[in-house]
Amino acid sequence: MNFLSKEAPLQQSISAMKAVLSDVGCETVFQEQKNPLSHCYSVNLSSKEAPRHIYSNGKGVLSDASMASALGEYIERLQTNNFFIDFHLPNKKYYPDEAALDFHEEYLSDELMSVYNSEGNLSPEDLVDFNSDYEDKIVALPFIKQSTQERVPIPLNILSNLYVSNGLATGNTPLEARVQALSEIFERYAKIAIIKNGYALPKFPDAVVKSFPKVYEDVQALQKLGYKIEVLDASLGGEFPVTAISLINPENATLFVSFGAHPILEVALERTMTELMQGRSLENLDNFEVPTFDMSLVADSFNLESHFVDSNGKLGLPFLSAKKSFEYTPVSYAGNAIQDEYNYLTDILKKMDKEFYVREYDYLGFYSCQIIVPGVSEVYPIDDLIYNNKNNGKLIRDMVLNFTKYDPQEIMLNIESLEDSLNVEKYIGVIFEQNFTMAEFKAQILLRLGEYDEALELLEYGTNQLGHLVVELARLKEMELDFEDYEEALYDVFTKEQVDKALGILEGEEFLIDTTLHQDYKNMLTLYDKLERQKCKMK
């Protein structure tokens, strides 16, 4: 069975993608299959190597379609290294065609420099990547500038800080993947503009919605359950092939909006509906946000990030205004082939006077691509390159992993300004058997320095139970109480093992933190090695 805008039957695609994963040696499992509405299916595909870190989600109007979607996303993120973008990859290259550029070399064209460094504040150090061991080079990947077909290096740091997975796609053919990638870029661009500005969107006429029976039937089913559902034109006045569906839950006064995009309206609406229900059952449509008139809260970068991560963030009440920001605009696409779809999407970029860059992958035997449109497809603000750069964690990575080998005073100088609540494993790009916060790491270093009062203050206001026990034992000692009088009680409350460990920490014989790496992280590096062997096939 061929779906609209798909270049191969579903079962053929599924078989081909499963074969790709098998050839690489990836063990995966489908789980969390959901079918809350007649035409909404979703499924999770996770790795056996590191299921909490390597996984994908799929959605579709059929069960097989959701499986194909999950497999496609999995291969896309595997083949493009997106699964590893947040992790340290010791002694490993990203790709055979990467360039490790010195700071004095040209690492950005003048055109791209005007986008990413318009204020002149960006330094070469800001573009050192997060993943590798380089500290004095800029790792860049070659992309093809589409207007001239020239190879242009784009720093890995920019890709991971600003674009993450936006513009990644896999397809049965290059055009199919590119249509998917550009559709996703326009969807997120319109979505952010709508949320940030509180645009009120016009509804699709009932006759239009009824002409797509799958979508109409699922809308009716939700409305019968008491939800207020509207199918909306999110094209911003006909600029983009984007649709939206809003869901109001009167039971708890919450609002959720899903978005979808594709030149073919039926495909866009089906994607919007399946996005609304992805990973959800009819019983958990009550955990959305209450809308607000505080548009500064809605436009906050952390709120917009929430909308990217799981589509669930604050929305503005202006979105619900009866006074619409745009007139309803009928779909303008009239093509009938995948090439027409691609031309339609690239014509939008030409009207916007925007250049786009493409990097292609097929070394696993299935086509993937990454498309970036500078000034359009960024998920995070360009200023993050200066003020919230991921590579900051790289600067203290070795200090954390080998803290006993460093002068504690030197470590303290490097970490004292960092937020106490920082998740250390995420900050430095590893997975620990027992993760810890920056406050706990600071406390450990302060204990090594003999600064007990400062260390105990950090532990007292933290959430680490062992840390709390260390504080209580320090108090016992400070109050000159006899340990033997409380020994049995402490063992009953905290266990002998924990009490002995806390005493060891106070004596400097044990450590509060544990930097042992989790097996999941080791498994991920093993999987990365398998990919490296496949990457030799890259042209």
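1. Cys 26 is buried, at 9% relative accessible area, whereas Cys 536 is exposed, at 65%. Here buried means under 20% relative accessible area, exposed over 50% and partly exposed in between, with a 1.4 Å probe and protein chains only.

2. A note on the basis: this is a predicted model, where local features need pLDDT of at least 70 and side-chain atom pairs count only at pLDDT 80 or more, while totals for chains, interfaces and linings use all residues. Residues are numbered from 1 along each chain as its sequence is written, and side-chain values use heavy atoms, leaving out hydrogens and water.

3. How many disulfides does the whole structure hold? The search finds zero, a disulfide being a pair of cysteine sulfur atoms within 2.5 Å. Cys 26 is in none, as the nearest cysteine sulfur, in Cys 536, is 16 Å away; that is too far for a bond.

4. On to helix 7, residues 213–224 (helices are DSSP runs of H or I, at least four residues; strands are runs of E, at least two; both are numbered from the N terminus). The expected span, 1.5 Å times one less than the number of residues, is 16 Å for its twelve residues, and the end C-alpha atoms agree at 16 Å apart.

5. Which residues of helix 7 are buried? They are Val 215, Asp 218, Val 219 and Leu 222. Seen down the axis, these fall within an arc of 105°, so they line one face; the arc is taken from the directions from the helix axis to the C-beta atoms. The face turned away carries the exposed Pro 213 and Lys 224.
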